[in-house]
Amino acid sequence: MYNDDTIVALATGGGVGAISVVRISGSQSLHYTDALLKKTISGYASHSLVLRKLYDKEGLIDEAVISIFLDNKSYTGETVIEVSLHGSAYIAQRLLRAYLDLGARMAEPGEFTRRAFLNGKMDLAQAEAVADLIAAEHKFAHDQALHQLRGGFSEDIKFLRSRLLHFTSLIELELDFGEEDVEFASRSDLMDLVVQIKSQVDELKDSFELGNALKQGFALVLAGRPNAGKSTLFNALLNEDKAIVSDIEGTTRDSLEDKLRIGDISVRLIDTAGIREASDAIEREGINRTFKHIESAGATLYLFDPSGIDLENLKTDLDLLKSKGKRIWVCANKLDVFTGDLNTYRQLISAELNEDLWELSAHDKSSVNLLRKEIASRFKIDIAQLEQQTVVTNARHSSALNACSIELQMIKEGIDSGLSGDLMSFHLRSGIRALAEITGEIDNEEVLGEIFSSFCIGK
Ligand SMILES: Nc1nc2c(ncn2[C@@H]2O[C@H](COP(=O)(O)OP(=O)(O)OP(=O)(O)O)[C@@H](O)[C@H]2O)c(=O)[nH]1
Ligand SMILES: [Mg+2]
């Protein structure tokens, strides 16, 4: 729902900074700003910057740079004024108060962007990309948000939609000639088209799992038997003394997570209670959590102390991990004290996982540095693959794609079983509607409310 209130909010973060920006949007924004000035700013062209003193009833608020964006040349599609103040929370509050006294209203979270959407400045997927862009903490998330903001993802969706519409028009044309039993498109051509579109929809849908994992940062789980050195490695990778390390078996009882940044890559590093026989309920819960993490993680780094485990037990662990996790990397630890031969271990890892054995000592900085680089380069391969294609990183988009895919499946089966034209058209229309929801061509007040309420105020 659109209203023409003039809305105001602090657009910069609440913390201390050199400047803070108050943003006001709506038909009265220029008028209200003028009421705080001794000399009008009306008459300036859009995108002008003007230095002015602002006054409220008590006197001078601040001297500030005022940016003027007129009507459809602004972010929201309405007249927007941005006042760049000295970065004091007190000054910003006084200006906000002055605007409210004049008749403006505090903006709701995401309301500026919501207006941009409602005024046709961007579609819904682009509006969502604004929130992603603000939240992006690493290169992949940033790249994806930018691509989506520029409309790349929306283009893909619109292309799929237009192909489905074409298909629908053929089917519906036949319906118009229902009595005469004509076929405008051969069923095998239609089948080819549906199969093609469905595979594109599915590819996008399937990219969500990895796309979302990348957006949140890759999860890397440290697993292994007690005393393998998981917590020691966790601390060494993070360069922090975060997890408790001791030679008592079962030191770590719960999972512990922290963000590890390696260049462009952001990794969610998770230390766990590991894999062992539980002797009490708390320990059992800790081990359950280990496996939950392994199941959802991008990769698991299995750590072992070669002087503390034989080949048979190692194989048992690897078999268990293989049944749970997507990608298992294996690392022998404590090589500063181990003097034996690792060859049989290397052969086992190669046979079981088709992987090399990583070797290090968590006490040795340079080998930990090498491991860090290796982790980054592994995850970079995933990113490089995803950069070739449009990736879905938004759960709402993924479920809409899924809904579309289900309809397409019905049509595929329908073509085979001679489904009637009107039912075919019904499924097609449902599939098209699902795609239209992504870009917001179909208005749904509830969906809009949910999306924009998760934005920060001032955006
Ligand atoms: N010599 C040597 N000792 C290590 C190395 N890494 C860890 N340790 C020692 O091994 C013991 C166990 O380390 P932790 O990091 O607590 O092992 P963990 O796998 O987290 O053990 P739990 O939490 O009990 O499952 C500690 O005494 C560490 O100092 C290493 O690379 N070399
Ligand atoms: Mg531990």
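These are my notes on ligand 1, the pockets and the cavities of this structure, which is a predicted model.

**Entry 1: ligand 1 and its shell**

I began with the residues around ligand 1 and found 24 of them. Those that come nearest are Lys230, Thr232, Gly250, Thr251 and Thr252. I then sorted the shell by class: 11 of its residues are polar, seven are charged and six are nonpolar.

**Entry 2: polar contacts of ligand 1**

I looked up the oxygen atoms of ligand 1 and what lies beside them. One is 2.8 Å from a backbone N or O atom of Thr251, a residue I had already listed among those that come nearest. For Ala362 I again noted a backbone N or O atom, here 2.9 Å from an oxygen atom of the ligand. With Asn333 the side chain takes part: an N or O atom in it is 3.2 Å from an oxygen atom of ligand 1. I also checked how much of the ligand is covered. On its own, ligand 1 has 650 Å² of accessible area, and the protein covers 89% of that.

**Entry 3: where ligand 1 sits**

Which pocket does ligand 1 take up? I found that its space is the second largest pocket.

**Entry 4: the largest pocket**

I turned next to the largest pocket, which holds about 470 Å³ of space. I counted 25 residues in its lining, and Ala131, Asp132, Lys215, Thr393 and Asn394 lie nearest the centre. Five helices each give two or more residues to this lining: H4 (124-135), H5 (139-149), H7 (187-216), H13 (395-417) and H15 (445-453). By class I get 10 nonpolar, eight polar and seven charged residues in the lining.

**Entry 5: cavities**

How many cavities of 30 Å³ or more are there? I have two in my count. I looked further into the second largest cavity, which has about 30 Å³ of space. Its lining is made up of His138, Phe140, Leu214, Phe218, Asp264, Ile265, Ser266 and Ile383. I sorted these residues too, and the lining divides into five nonpolar, two polar and one charged.

Technical notes. Residues are numbered from 1 along each chain as its sequence is written. Chains are lettered from A and ligands numbered from 1 in the order in which they are written. This is a predicted model: local features need pLDDT of at least 70, side-chain atom pairs count only at pLDDT 80 or more; totals for chains, interfaces and linings use all residues. Side-chain values use heavy atoms; hydrogens and water are left out. A residue is near a molecule or strand if one of its heavy atoms lies within 4 Å of it. A polar contact is a pair of N or O atoms within 3.5 Å; within protein, one must be able to donate a hydrogen and the other to accept it, and residues adjacent in sequence count only if both atoms are side-chain atoms. Accessible areas come from the Shrake-Rupley method with a 1.4 Å probe; for residues, only the protein chains shown count as cover. On a 1 Å grid over the protein atoms alone, a cavity is a set of points where a 1.4 Å probe fits but cannot get out, and a pocket is an open set with protein on both sides within 12 Å along at least five of seven lines; lining residues have an atom within 4 Å of a point. A molecule sits in a cavity or pocket if more than half of its atoms lie within 2 Å of its grid points. Ala, Val, Leu, Ile, Met, Phe, Trp, Tyr, Cys and Pro count as nonpolar, Asp, Glu, Lys and Arg as charged, and the others, Gly among them, as polar. Grid points are joined across faces, edges and corners, and a volume is the space filled by probe spheres set on the points. Helices (H or I, at least four residues) and strands (E, at least two) are DSSP runs, numbered from the N terminus.
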